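These are my notebook entries on one protein model. I went through the empty spaces, the nonpolar core and the aromatic rings in turn, and then looked up a few single residues.

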Amino acid sequence: MPFVFNDDIDAQWNRAKPEWSYMVNGASLAMPYLEPYLIRTMKKALPKLKDPALIQEVKDYIGQEAQHYQQHRKFNDLIKSKGYQELNALEEQMLKEYSALEKHQSLRFNLAYAAGFESMALAVGHWLIKHRESLFGGSDPHVASLILWHFVEEIEHKCAAYDAYQAAYGSYWHRVYGTFFAALHVMKFSRRGYIIMMKKDGGWRKIGQRLNIIKYNLCFLFGTAPKLLHSLLPWHHPSDIKDPQWSVDWIHAHKNNSENLAYLDTNNLINPIV
């Protein structure tokens, strides 16, 4: 994707919803540490896979995740350059914790984490697309395009980590544990990130902004919970969840090599391309 992040991008890239901007920024901060960890985990799982189609799917997944974290790093570096150097300590902590998971946990745990995170990402992708006009309407097109692109691809590769885990191990309770652990782990880092930024800008001390951040968190939790809980059923498979039509349309537009996808019209998000 030909993303361009201009130097004038602001941390409050959605002026109408600054607290939502901070939440997204906090989640973005985790991607350059989370996704390389997922990539390394899936690479280690490859020798355990026998199905050529699944092996190729995992390789495609690795390629997409590599693009995700590189684009997020560019965006994160721009945000940090606006005076949020306190985020460096959080980034160091993320690097330390993901390194520790690799070093001290089994491949089964790390693969369950990957499958669990992807279950969360699938739920988040559906929620973001369903509410895209409310969450991204009128916002900076560069940021909105980055986030929606990322989660279209999360929906596209929704089966890869799950199928790899099932083929390599298949333990139901380990997968359940991995899902809870991954969801809480990523949300912990995201929350720390947006609190640091809001404190820096003075918003964390304002009652209105604190209430708004609670509101967005509740919307996020209630909006994603049904599909995340579905993923915990013993008979669940990600293919059971139908892709949103908007993400399907996005992929069709991408096949036509439309550069407009890197700069969506945030005043008209009904269709990916107008």
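**Entry 1: Cavities and pocket**

I began with enclosed space and found that the structure holds two cavities of 30 Å³ or more. I note here that the model is a predicted one. The largest cavity has a volume of about 50 Å³. I listed its lining residues as E118, S119, L122, A123, K158, K227, S231, H236, P238 and I241. Helix α4 is the main contributor to the lining of the largest cavity, giving four residues.

I then turned to open space. The largest pocket encloses about 550 Å³. Its lining comprises 27 residues, and those nearest the pocket centre are M23, A27, M187, S190 and F220. I recorded which helices supply at least two residues each to the lining of this pocket: α1, α4, α6 (141-156), α8 (172-201) and α9 (207-230) are among them.

**Entry 2: Nonpolar core**

I looked up the largest nonpolar core, which has 88 residues. Within this core, the residues with the most contacts are W20, L34, Y98, Y113, L128 and F136. Which helix gives the most to this core? I found that it is α4 (residues 107-130), with 15 residues.

I followed Y113 further. Leaving out neighbours within four places in sequence, I found Y113 in contact with L34, Y37, L38, Y98, L101, G178, F181, A182, H185 and V186. I also noted one aromatic cluster, formed by Y37, Y98, F109, Y113, Y177, F181 and F189.

**Entry 3: Aromatic pairs**

I counted the ring pairs next: the structure holds 19 aromatic pairs. One of them is F3 with F5, whose ring centres are 6.0 Å apart and whose planes meet at 15°, so I entered the pair as stacked. F3 counts as buried at 7% relative accessibility, and F5 counts as buried at 11%.

W13 and F136 form a further pair, with centres 6.1 Å apart and planes at 10°, so this pair is stacked. I checked where the two residues lie. W13 is in the segment before α1 (18-45) and F136 is in helix α5 (residues 132-136), so the pair ties together parts that are 123 residues apart in sequence. Are W13 and F136 buried or exposed? W13 counts as buried at 4% relative accessibility, and F136 is buried with a relative accessible area of 0%.

**Entry 4: Charges over rings**

I looked for charged side chains placed over aromatic faces. The charged end of R210 sits over the ring of W204, at 3.9 Å from the ring centre. K215 lies over the face of Y216, 4.8 Å from the centre of that ring.

**Entry 5: Y194 and F189 in helix α8**

I placed Y194 in helix α8. At 4% relative accessibility, Y194 counts as buried. Setting aside residues up to four places away in sequence, I found that Y194 touches Y22, M23, G26, W204, I213 and N217. M23 appears in the pocket entry as one of the residues nearest the centre of the largest pocket, and W204 appears above as the ring under R210. I also took a distance from Y194 to S119: the two residues are 75 apart along the chain, and their C-alpha atoms are separated by 23 Å.

F189 is likewise found in helix α8. I recorded F189 as buried, with a relative accessible area of 1%. What does F189 contact, leaving aside neighbours within four places in sequence? I listed G26, L90, Q93, M94, E97 and Y98. Of these, Q93 is 96 residues from F189 in sequence and 9.1 Å away in space, C-alpha to C-alpha. Y98 and F189 are both members of the aromatic cluster in Entry 2.

**Entry 6: I55 in helix α2**

I closed with I55, which is placed in helix α2 (residues 52-80). I entered I55 as partly exposed because its relative accessibility is 22%. Apart from residues up to four places away in sequence, I55 touches L46, L49 and K50. The C-alpha atoms of I55 and A160 are separated by 9.1 Å, although the two residues are 105 apart along the chain.

Technical notes. Residues are numbered from 1 along each chain as its sequence is written. This is a predicted model: local features need pLDDT of at least 70, side-chain atom pairs count only at pLDDT 80 or more; totals for chains, interfaces and linings use all residues. Side-chain values use heavy atoms; hydrogens and water are left out. Rings of Phe, Tyr and Trp (its six-membered ring) pair if their centres lie within 6.5 Å; planes under 30 degrees apart count as stacked, over 60 as edge-to-face and the rest as tilted. Buried means under 20% relative accessible area, exposed over 50%, partly exposed in between (1.4 Å probe, protein chains only). A charge sits over a ring if NZ of Lys or CZ of Arg is within 6 Å of the ring centre and within 35 degrees of the ring normal. A nonpolar core is a set of buried Ala, Val, Leu, Ile, Met, Phe, Trp, Tyr and Cys residues joined through side-chain atoms within 4.5 Å. Contact means heavy atoms within 4.5 Å. On a 1 Å grid over the protein atoms alone, a cavity is a set of points where a 1.4 Å probe fits but cannot get out, and a pocket is an open set with protein on both sides within 12 Å along at least five of seven lines; lining residues have an atom within 4 Å of a point. Grid points are joined across faces, edges and corners, and a volume is the space filled by probe spheres set on the points.
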